[in-house]
Amino acid sequence: RYLLFVADPYRYHAETNEANNVLAVPIALVATDLVVSADSLGQSAASIGAAVDLSWTVRNQGTTDAPADWYDYVYLSSNATLGGDTFIASESIAAQTPLAPGASYTINRTVTVPNVSPGARYLLVVADGNAVQGETNEGNNVFALPLEVRAADLQVTGLAVEPATPLSGNDVTV
């Protein structure tokens, strides 16, 4: 990056040479870069309302401490991309900050599968889900884990009525 120092930016003064009014000074910006990976998902399929054991690790691959306190979020998604998904859980990372360069933390959490339509889904783990920590790359904060969501399929398989031929107005037992 560069810091630009500009003399007379609004051109209030007539000059013989307007091309020499900018001085560019190179600077190196350092920042954190949180990267999330999932260590394990307790199972590859779960029913609506079931508990799922989830473990994820976040590492600071940046060149400076990550000083802000943030939250990691977990969502259920129909695709591996964050956006418009069902929020499941949040985890405060205040106990792990500041996170030094090269350092990491691991969270073990049990989450509940929400009431969604069954099918192929993804659990999305998002480091710094509320974007309070400045980073060099915000694009690597999401990790997707496939999860098949299952639901019960209730079906009536039999029916008995007593008496079998009831008279009009009489009670029946079903």
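Strands β9 and β10 (residues 142–150) run antiparallel to each other and are joined by eight bridges. That pair is a handy place to start looking around this structure, which is a predicted model.

**The five-stranded sheet**

β9 and β10 belong to an open sheet of five strands, ordered β4-β10-β9-β6-β7, with mixed pairing. At its edges you'll find β4 (45–47) and β7, each of which pairs on one side only. On average, and ignoring direction, neighbouring strands here are turned by 30° against each other.

On to the partners of β9. Across from Arg121 sits Leu147 in β10. Val125 has a partner in β10 too, namely Phe143. Strand β6 (residues 71–77) also pairs with β9, antiparallel and over five bridges. In that pairing, Val74 has Val125 of β9 as its bridge partner. So how enclosed is β9? Six of its eight residues are buried, so the rest of the structure largely encloses this strand.

**The three-stranded sheet**

There's another open sheet, this one with three strands in the order β3-β5-β8 and antiparallel pairing. Its edges are β3 (34–41) and β8 (104–112); each has a single partner strand, so one side of each has no neighbour in the sheet. From one strand to the next, the twist averages 25°. β3 and strand β5 (residues 51–60) run antiparallel and are held by seven bridges. If you want to find one spot in that pairing, look for Ala38, which stands opposite Trp56 in β5.

In general, strands of a sheet pair through backbone hydrogen bonds, in either a parallel or an antiparallel way.

**A buried valine in a loop**

Now follow the chain past β8 to Val113, in the loop that leads from β8 to β9 (119–126). Is Val113 buried or exposed? Its relative accessibility is 5%, so Val113 counts as buried. What does Val113 touch, apart from neighbours within four places in sequence? The contacts are Ala46, Ser47, Ile48, Gly49, Ala50, Val52, Leu147 and Val149. Leu147 is a residue we've already met, as the one opposite Arg121. Val113 and Leu76 are 37 residues apart along the chain, and their C-alpha atoms are separated by 8.0 Å.

**Two salt bridges**

Side chains of opposite charge can pair when their charged atoms come close. A search of the whole structure turns up two salt bridges, listed here.

| Salt bridge | N to O distance | Relative accessible area |
|---|---|---|
| Arg11 and Glu18 | 3.3 Å | Arg11 54%, Glu18 25% |
| Arg109 and Glu91 | 3.1 Å | Arg109 26%, Glu91 21% |

Take the pair of Arg109 and Glu91, whose side chains meet at 3.1 Å, N to O. This one links distant parts of the chain: Arg109 is in strand β8 and Glu91 is in strand β7 (residues 86–92), 18 residues apart. Both ends are partly exposed, Arg109 at 26% and Glu91 at 21%. In the other pair, Arg11 is exposed, while Glu18 is partly exposed.

**A nonpolar patch on the surface**

Which residues make up the nonpolar patch on the surface? They are Leu3, Phe5, Leu23, Val25, Ile27 and Leu29, and together they have about 530 Å² of accessible area. Two elements, β1 (2–6) and β2 (22–26), give two or more residues to the patch. Phe5 is in strand β1 and is partly exposed, with 49% relative accessible area.

**Backbone details to look out for**

A few spots in the backbone deserve a glance. The peptide bond from Thr97 to Pro98 is cis, with omega near 0°, and Pro98 sits in the loop between β7 and β8. Another cis bond runs from Glu162 to Pro163, with omega near -10°; Pro163 lies in the segment after β10.

Then there are two aspartates with a positive phi. Asp8 has phi near 50° and belongs to the loop between β1 and β2. With 17% relative accessibility, Asp8 counts as buried. Asp128 likewise has phi near 50°, in the loop between β9 and β10. Asp128 is buried as well, with a relative accessible area of 3%.

Notes
Residues are numbered from 1 along each chain as its sequence is written. This is a predicted model: local features need pLDDT of at least 70, side-chain atom pairs count only at pLDDT 80 or more; totals for chains, interfaces and linings use all residues. Side-chain values use heavy atoms; hydrogens and water are left out. Patches are made of residues with over 30% relative accessible area and no salt bridge: like charges are joined within 9 Å, nonpolar side chains (Val, Leu, Ile, Met, Phe, Trp, Tyr) within 5 Å. Accessible areas come from the Shrake-Rupley method with a 1.4 Å probe; for residues, only the protein chains shown count as cover. A salt bridge is a side-chain nitrogen of Lys or Arg within 4 Å of a carboxyl oxygen of Asp or Glu. Helices (H or I, at least four residues) and strands (E, at least two) are DSSP runs, numbered from the N terminus. Buried means under 20% relative accessible area, exposed over 50%, partly exposed in between (1.4 Å probe, protein chains only). Two strands pair if DSSP finds at least two bridges between them. Axes are lines fitted to C-alpha atoms, for helices over the stretch in contact, and angles run from 0 to 180 degrees between N-to-C directions. Contact means heavy atoms within 4.5 Å.
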